[in-house]
Amino acid sequence: MGLKCNAKNGVKAQLRERFPTAFREFETLVDARNASSASREEAFACIDGNVLMMSVPKNCRTFDAYVAIVYTSLLRAIATAMVTIVVFDDPSAMTEAKLEEQMKRDRDRASTSVVCSTDISAPKDDDYTKEYIMSSDDVHALKSCRGTRMRFFDEVAMTVMDRLKLQISKWEKSGHTGGYVVMDGIDSRGAARGMSEGRVPGFVSSSTGLAEIFERGTKIGEGDLKLAALGRRVRELSNEGAEYETTEQKDHAERLKGTKLTMCTTIDTDSFAIELIEEARRSAEPTSPANTLLCMRERAKKRGREDDCEPHYLCCDVSLLHALLQRFMWGFSRNPEPIEQRSAISLLVAGWSICGCDFVEIKGMRSDVVFDAISEVVKTRSDSLAKMQNAWKGDRSALTLMHQPLRDLMMICGTRLLDIKSSRKMDTIDNVRQPDDIILNRVSWIVAYWNSCEFRGNMQEFGFVSTHSD
């Protein structure tokens, strides 16, 4: 999912149009890495495993065919970067707000899906065996159902990990550097886990000691946030002098300190918001040589038009995009402090969220209008903008202080919408210029969440409906 897509006025389309120098297209990730002047030893890859698993073609119906596609994709990734981490959602740690959105999405899908014989016979929950997977005529039924998905993912991931270990070993025996791969959010028992036993997701690695480098004290539910957290961890290694329990851990940490490029591969446009916030955060922290390249897989277009293309990666230099956005918002004459930069980016992505994301939307709101309005708030309302700092302070009660800068931005957006012919519906303008408290509470929570500051429990306080997890 992610930020709402629109061919012309969506966030990704607007970023590409307004800041083209921050984007390039590449046929492969190796091409993207080479263009960034990084060697394989200097590259670190983070891959959205949910996207990887969900993108396996429908005609790969058996378990072996499904595994072969995932294995081949990861083999290419390992050949690109010395360390590759594949991240998966952790349903047990998922924020309640996301659970609400998932339940709505499942209801909508169920109301429009055509039921076939495979769907009728397939299990609907976690209670099935490894033998069932192996004998299934169409494993996509397990992938498509949220209740069965994670056991299936665990089995695929562990089977792929075993094959990758074997290939890495062959490379090393032939005198080549094998590389390393980690799965983040996988139960190492795969589908062999007893049907009555709870799922215990964690890190699984091809090399002893590597997983421990990335262990977290706090669980993260969404893969998008894991991608950012792992990139943050790699940069932390450049600035810490930690003691490690084993020689293997120390060797891996030293190797990762040489990282110059983090390649974040996904299709979720939320990552633009999350990674830009991360870049703004880094402006106030000790410098690290690592740059982030956001790599989005784009499908082929073959419709007999001028924009037809083969499958490729649309790659965004996050550091460059962040610098261009700051200049765009503040102007050439102003050199904002790091805390001001983070506040401005947080307000910008808040505006994006209102145009449509997993958690909130005001119908008729457009990201091009947010881009056109943001500079006025940033330049002329410094006291209001400063309240965006509450997005990362960790004070639940202070989130309502962000309502003022949000209202300031929305008032300007509403006025600009009046100048757009197709947007002159007064109910739309009024909803934008005077958003209700439910919208503002939701957006305030979202911006804190994207700043890696998640508030749990009593989600009705932020305008979300109570779910079974409460």
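**Close-up A. The positive phi of G331, just after helix α14****.** In this predicted model, G331 follows directly on α14 and adopts a positive phi of about 90°. At the other terminus of the helix, D317 acts as the N-terminal cap, with a side-chain oxygen placed 3.2 Å from the backbone nitrogen of S319. Helix α14 comprises the 13 residues 318–330; at 1.5 Å a residue these should span 18 Å, and the end C-alpha atoms are indeed 18 Å apart, so expectation and model agree.

**Close-up B. The buried residues of helix α14****.** V318, L321, H322, L324, L325, Q326, M329 and W330 are the buried residues of this helix. An α-helix has 3.6 residues a turn, so residues three or four places apart point the same way. V318, L321 and L325, as well as H322, Q326 and M329, are among the buried positions of α14.

**Close-up C. Helix α9 and the residue that follows it, G175****.** Helix α9 runs over residues 146–173, 28 residues in total. At 1.5 Å a residue the expected span is 40 Å, and the distance between the end C-alpha atoms is 41 Å, which agrees. Just after α9, G175 has a positive phi of about 95°.

**Close-up D. The surroundings of T159 in helix α9****.** T159 has a relative accessibility of 17% and therefore counts as buried, the cut-off being under 20%. When neighbours within four places in sequence are set aside, T159 is in contact with F63 and V67.

**Close-up E. The packing of helix α18 with helix α20****.** Helix α18 (residues 403–417) packs with helix α20 (residues 437–450) at an angle of about 115°, the axes being 10 Å apart. The two helices are therefore roughly perpendicular to each other, since this class takes in angles of 65 to 115 degrees. The crossing of α18 past α20 is right-handed. On the α18 side the contact is formed by H403, L406 and R407, and on the α20 side by D437, L440, N441, V443 and S444.

**Close-up F. The crossing of helix α15 and helix α20****.** The axes of helix α15 (residues 338–354) and α20 come within 10 Å, with a crossing angle of roughly 125°. This angle makes α15 oblique to α20. The crossing of these helices is right-handed. Residues S346, V349, A350, S353 and I354 of α15 meet V443, I446, V447 and W450 of α20. V443 of α20 thus takes part in the contact with α15 and is also one of the residues in the contact with α18.

Note on methods:
Residues are numbered from 1 along each chain as its sequence is written. This is a predicted model: local features need pLDDT of at least 70, side-chain atom pairs count only at pLDDT 80 or more; totals for chains, interfaces and linings use all residues. Side-chain values use heavy atoms; hydrogens and water are left out. Helices (H or I, at least four residues) and strands (E, at least two) are DSSP runs, numbered from the N terminus. The expected span of a helix is 1.5 Å times one less than its number of residues. Buried means under 20% relative accessible area, exposed over 50%, partly exposed in between (1.4 Å probe, protein chains only). A polar contact is a pair of N or O atoms within 3.5 Å; within protein, one must be able to donate a hydrogen and the other to accept it, and residues adjacent in sequence count only if both atoms are side-chain atoms. Axes are lines fitted to C-alpha atoms, for helices over the stretch in contact, and angles run from 0 to 180 degrees between N-to-C directions. Angles under 35 degrees count as roughly parallel, over 145 as roughly antiparallel, 65 to 115 as roughly perpendicular and the rest as oblique. A crossing is left-handed if the near helix is turned anticlockwise from the far one by less than a right angle, and right-handed if clockwise. Contact means heavy atoms within 4.5 Å.
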